[in-house]
Structure formats: C-alpha cells, structure tokens
Amino acid sequence: MKTVDVIIPTYKPGSKFIRQQEMLQKQTYPVNRVIIVNTEEKFLDRRLLQDYENVSVTDISAKEFDHGATRNLGVSKSRADYFLMMTDDAVPKDEHMVENLVKMMESSQDKEIGAVYGRQLATGESSEDEKYSRSFNYPAQSFVKTIEDLPRLGIKTYFESNVCCLYRRDIFDKLGGFIDHTIFNEDMIYCCRMLKAGYASAYCAEAAVFHAHNYTGMQQLRRNFDLGVSQADHPEVFGGLKSEGEGIKLVKGNAAALMKKGKLFSVVRLIWVSGCKYIGFRLGRNYKKLSKKTILKLTMNKHYWGN
C-alpha cells in the first residue's frame, strides 16, 4: 500500500480548515502525515490541531511565502510515495477522496500518470456565476490528458489545481518539483513540464472537495492580474496558447444559464465580474509597461515584488 502525505500551505485558516482536518482523519485510505506550512505563526491556533498526532507545522513569514517555494518546502518534509496538495479552505466531500485519487493514479494502462486533481464543488456561499464556473471547469466525468491533447484542449491541457491534487513523488523529484519563484500557476507550470516529459495528468471527478470563493469584482481583478503576470513570465508554457477563448465560452454559457433561470441581477453581476477579470488579466499580461507603484496596487501578492 503506497503512503500518502497531505501538504497544506495555510494563512489565517478558519472554520473550513477545521472541517478539513476532521475529514482528513476519516479517510478510508489512511493519511500518513499532514504537513502544514503556515504563514505567520500568530495566525494559526495550535489548539486546533492538538488532537491529531500525525500533523506537523512549519512556520514561515509572509515575506518568505511563494506559491512554488512554499509548497516545495512542504514536499521536502515528506517521504511518502504520493503527496496530496491542498489549500486550507478545501473540505473533502466524503471519506473516499484520498482513496479515489490513489485509484485514479494507478488506473492507467498506457502512459504513467504523474498527478491527479480532484473535483471542486460549489457551496451555499457560492454566487450563481461561481456555481456555473465550478461545473464548467470540473465536470462529472473523469479523464486522462497527455501532451497529444494540446491541439484539442489548448491551454486546458495544462490545467491542474493545487486546491486538491495528488502527485507521484518519484516523478516530481525527477522533474525538479514546482518552480521556486512564481506569483501564480505553479501547478499548471509543473503540469506542462510533466506532460512534455511524457507523463499523463488525470482528473478524478469521484474525488471531490467543497471549495468556494465569492470574490468581488475588484478581488477578481487583482487575482487575474497575478494570473496574467504568471502567463507573461512563462511563455514556454503559455506562449501561443489563448486563454481568452475559454473565458468567453464560460461567460456565454453562464449568462445563458442565468437568463434561463430568470436571474437578471446575477447576469449584471456576471458582466461586471467578467469585465474585472478581463481587465486584470490584460494588465497582468502587460505588467512590464506599468510602474512599480501601479503594480503594487493591482497585485494580490505584494511580497512577490520585493521591497
């Protein structure tokens, strides 16, 4: 039986983190260790974890946090065959999440699967447009992707999400892990390298987590600014691949679904939020033309830009 560790970067974790920890202890496929890399010691109450013997915490400062390097730090503390990356607000839907991820990892008879990401489900706090977005990006059917799917899937070929993603450790080490310094998309950058090396990526619809972000328009603008920056900084991954096409398809389908339900206010919100996303993304793609002062107003990750 292969061992599985769970690695979770945390920052001001709340009630979802508590439920997450409870569910990880109940998994039918046993979790060997839960490795937490926490940003700022004062923001994590250790009493939340006192009942769990297999949980360890490493504290870092906000200045030390990086989407790639912080996760690599967590991996360096694991010796398991597989490790599961999660965010601190992703709550397993049931006790079979880890079991289903492992089963999918070991299912391929063709190319060796190097990573399996799970399904993300909307919650009661999700907006109407986020509910549609979740179903658009995380369908009910599982599948396997290889580099041969690039002409058909475009940028979605490299899509993976560290909200819930199981990795094969030997392949991860062979490929050099996550990129050490990145503002966003460490999972997609790794997936690109993995597929180009001849391995496969899989999506497991049966392994689900509840995960919701009810972002405002301005929060989406900042998030998509960082997304655009990551794409501009990594032309070896995103160069020549259009992101806007998938976004337009999502917005059109979302608007049609909302209109059908008669949710006119939600359509207005969708238009506003989608506009913010697009503006943020375009500004991020062109961040090299902006002043440092403007960049710091737009980014979600101020420490990424240094002093």
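These exercises work through ring pairs, salt bridges and a pocket in a predicted model.

**Exercise 1. Classify the ring pairs Y117–Y203 and Y304–W305.**

Step 1. The structure holds 17 aromatic pairs.

Step 2. Take Y117 and Y203. Their ring centres are 5.1 Å apart, and their planes meet at 45°. Stacked needs under 30 degrees and edge-to-face over 60, so the rest count as tilted. The Y117–Y203 pair is therefore tilted.

Step 3. Place this pair in the fold. Y117 belongs to strand β6 (residues 113-121), and Y203 to strand β9 (residues 200-210). The pair thus ties together parts 86 residues apart in sequence. Both Y117 and Y203 are buried.

Step 4. Take Y304 and W305. Here the ring centres are 5.2 Å apart, with planes at 85°. That angle is over 60 degrees, so the pair is edge-to-face.

Step 5. Check burial, with the cut-off at under 20% relative accessible area. Y304 has 18%, so Y304 is buried. W305 has 15%, so W305 is buried as well.

**Exercise 2. Which residues do ring pairs link into a cluster, and which residue lies over the face of F43?**

Step 1. The cluster consists of F83, Y167, F172, F178 and Y190.

Step 2. K12 lies over the face of F43, 4.7 Å from the ring centre.

**Exercise 3. Compare the settings of three salt bridges.**

Step 1. The whole structure contains 10 salt bridges.

Step 2. R46 and D59 meet at 2.3 Å, N to O. R46 sits in the loop between β2 (33-39) and β3 (55-60), while D59 sits in strand β3. The two are 13 residues apart. R46 is partly exposed at 33% relative accessible area, and D59 is partly exposed at 29%.

Step 3. E130 and R134 have their closest N and O atoms 3.3 Å apart. They are four residues apart in helix α4 (residues 128-137), so about one helical turn separates them. E130 is buried at 7%, and R134 is buried at 11%.

Step 4. D149 and R152 have their closest N and O atoms 3.0 Å apart. D149 is buried at 15%, whereas R152 is exposed at 60%.

**Exercise 4. Describe the lining of the second largest pocket.**

Step 1. The volume of this pocket is about 150 Å³.

Step 2. Among its lining residues are Y117, F143, V144, K145 and R152.

Step 3. Two elements give two or more residues to the lining: β7 (143-145) and α5 (150-153). The largest share, three residues, comes from β7.

Step 4. By type, the lining holds six nonpolar residues, one polar and three charged.

Key: Residues are numbered from 1 along each chain as its sequence is written. This is a predicted model: local features need pLDDT of at least 70, side-chain atom pairs count only at pLDDT 80 or more; totals for chains, interfaces and linings use all residues. Side-chain values use heavy atoms; hydrogens and water are left out. Rings of Phe, Tyr and Trp (its six-membered ring) pair if their centres lie within 6.5 Å; planes under 30 degrees apart count as stacked, over 60 as edge-to-face and the rest as tilted. Buried means under 20% relative accessible area, exposed over 50%, partly exposed in between (1.4 Å probe, protein chains only). A charge sits over a ring if NZ of Lys or CZ of Arg is within 6 Å of the ring centre and within 35 degrees of the ring normal. On a 1 Å grid over the protein atoms alone, a cavity is a set of points where a 1.4 Å probe fits but cannot get out, and a pocket is an open set with protein on both sides within 12 Å along at least five of seven lines; lining residues have an atom within 4 Å of a point. Grid points are joined across faces, edges and corners, and a volume is the space filled by probe spheres set on the points. Ala, Val, Leu, Ile, Met, Phe, Trp, Tyr, Cys and Pro count as nonpolar, Asp, Glu, Lys and Arg as charged, and the others, Gly among them, as polar. A salt bridge is a side-chain nitrogen of Lys or Arg within 4 Å of a carboxyl oxygen of Asp or Glu.
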